[in-house]
Amino acid sequence: MSAMSTALEQRMGEQDHGAIPFSPNALESQFNLDDTTVKDTARPRASSSISEFSSPAEVVHLPDMNNALSLAMPAASQLPISNIIQGQNYFGVTGLVLPPLTRADLDQLFFDRTNIFLPLIQQYRYFQRSKTAPASTSHMCLQYAMWTMAAALSSQFHHLRDALYHDTLERLGNSAVEDDISRLEHAQAWILIAVYEFMQAPFQRAWISAGRAIRLVQLMRLNEIDKTTDLEADFETFLEKEEKRRMFWMAFCLDRCSCVLEGLPLTLNEQEISTRLPCSEDAFQSGTPVIMPFLPEVLTATDPNMLSPFAESVIFTTLWGRGFIHERQSATDHVFSNVSKEFCERQLWLDDILSRRIQRLQQDYVAASIKVDAMLLYTSMIAQTTVLLLCKAAESIPQVTPSNHELVSRYQRRAPAAAKEIVRLSQYLPHFSFFKVHPFTPIPLFLCRQFLLALRCHDGSIVDELHIITEALQELKGINGLCQSQLDIDFSEMGLSDLQESPESIMEFFGNYVAA
């Protein structure tokens, strides 16, 4: 025993004498879980505790967390394969060790913060599967993806996010997709990773990860969960189907966001959906069976019913996607000087649906509700962004008749009002912790800012609104990478030729999108 201790001390002495040992207990005691300020004061480095979990021949060092999203992955020979994909071993490929208390904290952080805007996981089912020993490889992929998002939205564990991210990617690459359960958990993990990359990485990387999730959704045929008339009556069946419904609708929204922003054809065809809208969060978490309507039923209803914030988000994302396709069609028609009667009818039809849904949203959810629900705030902003999109499309309507002239003039008046409504809604952001703001909130804020920049030369009175929206984006920069690029560039004074052909970030794309 003495000889082993001497050998261990000699081996530790070969490492950097200034290295600070990584102690999970010390780590957890240094941070306050309720602290919402972004700080990264404790950065674990290579330590003797790592060697306890490594083979004698190979010592794995915890990577430097200063290099966000640029961690060098260890070679396959550096780690035993059993440490990556087998059993209950929570020793990551980056050398990160997650003790039980840390895992429990990350689980709770996920449901307290991430689940607000990514309501994919049913807590009871998740914890039941987590208690199964040994946990399946697909479930561990989902766990690591959840912990990655939780760490990204936490000051306590923020420094662990990159290691967790790379561990998740490695586990996903080594985990087999064998049945519906593993496919669903893989799809959920890829959705979480895509959202993390939207916040922390280049747009193209997030788009590719979203595509992986969408392909798994197609493979499982989640677009036709409710194709038959059989209704789930028992607790387990309802939860299983509802979790799949939510996976589909989250993939649907991410598909609209990615493809619309990149100007590509949509992957999931709206006409082939026979899956009901998601139920309320209370019904989902309590396992109370609820029969929800289909998307076409809601869009065509003359007196729409009140729906959950997540369902409302799906509806307005759908209208945003339709509005974008409609606007692109107007651009094509304008090139050939052939703006058809059908285009005007489609414009009015979309406007009618959008106006009714906005009116219902404002009636059902008053300002007090929006101030406490990040999903509702984001949804309200997307609704007004869709109004801006329809106003832009209306510019293609030829003003050859008095009625057309009046129609275009009406949209020209509505656009500034919609932008000012987004500005008003942005003033609710201080009611939220930075960690609880919807990660896609910068999208409507940035589009609104670009509209105000273009309007500034015609209306000098919007300077205050422009300052408010820019300040809101600046405030979110610390936690959300969507705000970190192109914030100080005034695209209203630039032509399309001045913009990059292949944008490296989502902000660069918005410059192209608005300038077009």
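**Exercise 1. The cavities**

About how much space lies in the second largest cavity? Then describe what lines this cavity, and do the same for the largest one.

*Solution.* We're working with a predicted model here.

Step 1: start with the count. There are two cavities of 30 Å³ or more in the structure.

Step 2: get the volumes. The second largest cavity holds about 40 Å³ of space, while the largest cavity holds about 170 Å³.

Step 3: look at the walls of the largest cavity. It has 16 lining residues, and Met250, Cys253, Tyr378, His438 and Phe440 are the closest to its centre. Helix H11 (235-262), helix H14 (309-335) and H17 each put at least two residues into this lining. Sorted by class, you get 13 nonpolar residues, three polar ones and no charged ones.

Step 4: now the walls of the second largest cavity. Its lining is made of Met199, Phe434, Val437, His438, Pro439, Pro442, Leu476, Ile479 and Asn480. Seven of these count as nonpolar and two as polar, with no charged residues. Did you spot His438? It appears in the lining of the largest cavity and also in that of the second largest.

**Exercise 2. The whole protein**

Work out how many helices and strands the protein has, and what share of its residues is buried.

*Solution.* Step 1: go through the secondary structure. You should find 21 helices and zero strands.

Step 2: check burial. Out of 516 residues in the protein, 55% are buried.

Step 3: turn to the surface. The protein exposes about 22,600 Å², and 53% of that comes from carbon and sulfur atoms.

Step 4: ask how far apart in sequence the contacting residues are. Take the contacts with a separation of 6 or more: 75% of them join residues 24 or more positions apart.

**Exercise 3. Met149 and the core**

Find the helix that holds Met149, decide whether Met149 is buried or exposed, and place it in the largest nonpolar core.

*Solution.* Step 1: locate the residue. Met149 sits in helix H7.

Step 2: decide on burial. Met149 has 0% relative accessibility, so it counts as buried; the cut-off for that label is under 20%.

Step 3: list the partners. If you skip residues up to four places away in sequence, Met149 touches Thr114, Phe117, Leu118, Leu192, Val195, Tyr196 and Met199. Take Met199 from that list: 50 residues separate it from Met149 along the chain, yet their C-alpha atoms are 10.0 Å apart.

Step 4: zoom out to the core. The largest nonpolar core contains 139 residues, and Met149, Leu164, Leu192, Met247, Trp249 and Leu445 have the most contacts inside it. Helix H17 (residues 374-393) contributes the most to this core, with 14 residues. As a bit of background, nonpolar side chains in soluble globular proteins tend to be buried together.

**Exercise 4. Two loop residues**

Which of the labels "buried" and "exposed" goes with Ile273, and which goes with Arg221?

*Solution.* Step 1: find Ile273. It lies in the loop between H11 and helix H12 (281-286).

Step 2: label it. The relative accessible area of Ile273 is 14%, so this residue is buried.

Step 3: see what surrounds it. Apart from neighbours within four places in sequence, Ile273 contacts Asn223, Phe248, Trp249 and Phe252. Trp249 should ring a bell, since it's among the residues with the most contacts inside the largest core.

Step 4: move to Arg221, in the loop between helix H10 (203-219) and H11. Its relative accessible area is 53%, so Arg221 is exposed.

Step 5: check the backbone of Arg221. Its phi is near 55 degrees, a positive value in a residue that isn't glycine. Most residues other than glycine have a negative phi.

**Exercise 5. The second largest pocket**

Find which helix gives the most residues to the lining of the second largest pocket, and sort that lining by class.

*Solution.* Step 1: get the volume, which is about 380 Å³. There are 19 lining residues, with Ser136, Ser138, Ile181, Ser182 and Glu185 the closest to the centre of this pocket.

Step 2: match helices to the lining. At least two residues each come from helix H6 (123-130), helix H7 (137-152), helix H9 (180-200) and H11. H9 gives the most, with five residues.

Step 3: sort by class. The lining splits into four nonpolar, six polar and nine charged residues.

Conventions
Residues numbered from 1 in each chain as written. Predicted model: local features only at pLDDT ≥ 70, side-chain atom pairs only at ≥ 80, totals over all residues. Heavy atoms only, no water. Core = buried A, V, L, I, M, F, W, Y, C linked by side-chain atoms within 4.5 Å. Buried < 20%, exposed > 50% of the residue type's maximum accessible area, 1.4 Å probe, protein only. Helix = DSSP H or I, 4+ residues; strand = E, 2+ residues; numbered from the N terminus. Contact = heavy atoms within 4.5 Å. 1 Å grid on protein atoms, 1.4 Å probe; cavity = no way out; pocket = protein on both sides within 12 Å on 5 of 7 lines; lining within 4 Å. Points joined across faces, edges and corners; volume = space filled by probe spheres on them. Nonpolar A, V, L, I, M, F, W, Y, C, P; charged D, E, K, R; others polar. Areas by Shrake-Rupley, 256 points an atom, 1.4 Å probe, with all protein chains shown as cover.
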